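Thanks for coming, everyone. Please have the sequence and the structure open as I talk.

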Amino acid sequence: MQPPGDLPAPQGLSSAEAAQRLATDGPNLLPGSAPKSSAAILREVITEPMFLMLLAAGGIYLALGDRAEALFLLGFVFVVIGITLAQERKTQRALESLRDLSAPRALVLRGGQALRVAGRDVVRGDVLVLREGDRVAADARLLDGQLEVDESLLTGESVPVVKTPDAASAGASERSAGPLKRSSAPLGGSAVREATSVGATNEAPGRPKRSSAPLGGSAVREATSVGAMLYASTVVTRGAGLAEVHATASATAVGRIGADLAATVEPPSALQKASRTLVRRLGLGALVLACGQVLLSWWWSGLPLLDSLLAGIALAMAILPEEIPVILTVFLALGAWRISQQKVLTRRTSAVEALGAITVLAVDKTGTLTLNRMAVAELATASAHFTPDRATELPESFHWLTEFAMLATPGDPFDPMEKAIQQFGHRWLAGTEHVHDGRVPEFEYALSGEILAMTRVFASADPSQFLLATKGAPEAVADLCHLGAAQREAIQRQVGAMAGRGLRVLGVARGRWMGAATAPDTTPPWPQSQHDFDFEFLGLVGLADPPRPEVPDALAECRRAGVRVIMMTGDHPATARAIARQVGLSERPEVLTGAELAALSDEALRARLKQVDLCARLLPAHKLRLVQVLRAGGEVVAMTGDGVNDAPALKAADVGIAMGERGTDVAREAAALVLLDDSFARIVDAIRQGRRIDDNIRKATRFVFAVHVPIIALALVPTLMQWPALLLPVHIVLLQLLIDPACAVVLEAEPEAPGLMSRPPRPASSSPFAAATLGHALLQGLGVAAVLLAGFAWLAGQGWSAAQGRAAVFSALVPSVLLLIVANRDLTRSAFRGLAAPNPWLWRMAAAMALLLAAVLGLPWLRQLMGLGLPGAAGLAVVASQLALCGLWLELVRRIGPRLQPRRTGT
């Protein structure tokens, strides 16, 4: 791409200059939300109910004169703060690594070489290389090329604005789209190219009209005095060009408008909202029960008020499941990080929830099921065929067809199909008069929903004549040529045969137009429609795109997992059918076309989709409607896309998946997931990871509720039975030091369950907090609580002291936590068999529990501080008997558990 006139080609900054300017100006980041500071995390910890209860308990111990207990308990405040900070930092590092991956990137010239850099590293003076679908990284002035830019972020105006480097545009108001009012029809984005089997141009549309709509906001109006200016965060919807950066970061127009436009905070997911509601309700219940506990202890049992308050605080701490928000925050953040290790970037962590429930995967053909490496495989005219791999030269009869296919294609195209056409022409027509490199069209007609073809208009030697080159869907080009029924039928037979061989087929036509007489250097009044021209049909171009080798196995795995795959493509139905057979997507021959779809009501379309796996000749609006209809029918839909016009459908899907290599910036920002290598198998990997994460959230939730039941019972029942207190706040704090990492580390790291991808997707309405899950946890916890309380009652009946009985109960409770972890790892097999599943954190947790218990019982000062006595050999024998009974109970619950759980395995 050369700049206008005799100016030398831009070389851009050197690497040293760019580094110096980056150090001087700082990174190109818009004002946004900064990561949480340690002080902010500390403020959050201090205001948590558990922290406040620890402080209250410590204060009561001081009031009672138990300074050692008070200092010991308050010392745990700093331990809790440390654990919380560590968890927050771990989650934050995972999210920051995802943000680094998802940060916008820019193609810049550095030392004359095109280099892809992070958007934050763009500096003043950089030369940006811009193509359709790119998001402009900084405020810049267009040096070369012509662009259509969506500035609706700044102006609210949906009409694309044309940008030109023409110096005459200085001081003029911004220009809108040309006389064809292209804003009312889809622009030539890559999504439209895919949907219509036609390559849209990267050139801007000739001589546009001026737009009278001013840009919104004083900062923007001030910055728009030059028509060649481009603004950060706006989107190139069409064209290609070079632009020199003039401002970055907060100095840009959008940066001056304010941080609200530059930063968005992801709202909490539905699961996170549900968990917060649950915790609030349980917190209210804990407060009510704790107050009741205080009254019972003080009025009925006759304990002093301060001792009664300690008992109430212990009960509230036992009830409050503060681990639930931690589970969801840590599991979803680390889950997104784990998915990124599979080369799938998670842009919104809420998508991790939906992965395990996906029932329909709507995929594009080109680049997803195929390699997107187009090559011209066949040419056809009315009387002949040409196959490149069987010839050494191109017959004369195909020269016109190849020449006009090239003229109808930009010289430096973005689309792989258009690149293939140019490469084919330069190979077979090299050195002939049929190659017209550098020839610039006077005007062009973009494809639209009404005409699936595009026409480029060129000047000729005769000033009153213009040359027309058209390519597009064969039926659309045949219609422009006004062919008779017999000719159309013959063309359709050719198209069907070529598409049946898996080729993508384009029609090509040429024409001439006698422009109206105009003064020199003026533009003729272009006709409003391509139908106003007369064309001659030249023939067909067939392009091959081989399937990806990993697709057949991935599709088979989707079928085993109960995920239905639907192809949504703009190609000919026969091409879609041929590719579907090659990759094993479907054997059903029926294909739903865009025209048929438009004629169906939503109900009829929903019924039709139950019988159809292939949808062809689709426009982006058709894809959006298909996604909406599928979701309205109760399906959880994931959809792939790559173009500007795919963005609405990607946002409408439960999980939008954008292509990272060939996709546009707009598609990537609209999507929830981005495939970093565009491999279809990565989607299946992401679904697998999503199911594993969903399983582990359920395991952790079940464990948390199960482990809190015996703690609640040991805090509440002694009051009702007028026994000595079995659990004090210090005991509960020690247990929290085990329960928190058991959730956030051990169960988060659980490997996938056997048969994970051989079961149907979980119901979309299924929740980890469902009654069946909580009922299973309640049964587990009640059995453990009953065994521990029975053991204490038996020991008390044998004349053991309260300290010895408390020691025996605590010694059994700590290993019971480990038993509950093991029991909830996999409900499909016994706990002992489940130990064979690898999880290094499980054994580390077991070692930590053993050390904690040994320290509590073995260190006299710590044993005395916690009000424990030595259980002795007899006490340890009772503990062993209790653990055996607990293990038997948990195995019994596991066997009856399927009657309580939804019909799913591996959870």
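Leaving aside its neighbours within four places in sequence, which residues is Phe810 in contact with? They are His731, Leu734, Leu735, Leu853, Val856, Met866 and Leu868. Before I go on, keep in mind that this is a predicted model.

Let's stay with Phe810. This residue lies in helix H28, residues 802–823. Is Phe810 buried or exposed? Its relative accessible area is 1%, under the 20% cut-off, so Phe810 is buried. Now look along the chain. Val879 is 69 residues away from Phe810 in sequence. Their C-alpha atoms are separated by 9.2 Å.

Phe810 also belongs to the largest nonpolar core, which has 122 residues. Which members touch the most other members? Phe810 is one of them, along with Leu361, Leu585, Phe680, Phe703 and Ile821. Helix H25, residues 680–721, supplies the largest share of this core, with 18 residues. Another core lies apart from it. That one has 29 residues, including Phe443, Ala473, Val505 and Leu619.

Next, the sheet. How many strands form it? There are 8, and the sheet is open. Read the order with me: E9-E23-E22-E21-E10-E18-E20-E19. The pairing is mixed. At the edges stand E9, residues 344–346, and E19, residues 591–593. Each has a single partner strand, so one side of each is left without a neighbour in the sheet. On average, neighbouring strands here are turned by 20° against each other, direction ignored.

Here is one pair from that sheet. Strand E10, residues 360–363, runs parallel to strand E21, residues 637–641, and 3 bridges connect them. Find Ala362: its bridge partner in E21 is Met639. A helix packs on this sheet too. That is H21, residues 602–609. H21 touches strand E18 (564–568), strand E19 and strand E20 (614–616). The direction of H21 makes about 150° with that of E19.

Now to strand E11, residues 375–380. What does E11 pair with? One partner is strand E17, residues 535–544; they run antiparallel, joined by 5 bridges. In that pair, Val376 stands opposite Leu543. Strand E12, residues 385–386, is also antiparallel to E11, with 2 bridges. There, Leu379 stands opposite Phe386. E11 and E12 form a hairpin, with 4 residues between them.

Gln494 comes next. This residue sits in helix H17, residues 485–500. The relative accessible area of Gln494 is 15%, and the residue counts as buried. What does the side chain of Gln494 reach at 2.7 Å? It is the backbone oxygen of Thr381. Beyond its neighbours within four places in sequence, Gln494 is in contact with Ala380, Thr381, Ala382, His385 and Leu540.

Last stop: helix H11, residues 305–319. Does its length come out shorter than expected, or in agreement? At 1.5 Å a residue, its 15 residues should span 21 Å. The end C-alpha atoms are 21 Å apart, which agrees. Of those 15 residues, 11 are buried, so H11 is largely enclosed by the rest of the structure. Among the buried ones are Ser308, Leu310, Gly312, Met317 and Ile319.

To close, go back to where we began: Phe810, buried in helix H28.

Conventions. Residues numbered from 1 in each chain as written. Predicted model: local features only at pLDDT ≥ 70, side-chain atom pairs only at ≥ 80, totals over all residues. Heavy atoms only, no water. Pairing = 2+ DSSP bridges. Axes fitted to C-alpha atoms, helices over the stretch in contact; angles between N-to-C directions. Contact = heavy atoms within 4.5 Å. Buried < 20%, exposed > 50% of the residue type's maximum accessible area, 1.4 Å probe, protein only. Polar contact = N/O pair within 3.5 Å; in protein donor to acceptor, adjacent residues only side chain to side chain. Expected span 1.5 Å × (residues − 1). Core = buried A, V, L, I, M, F, W, Y, C linked by side-chain atoms within 4.5 Å.
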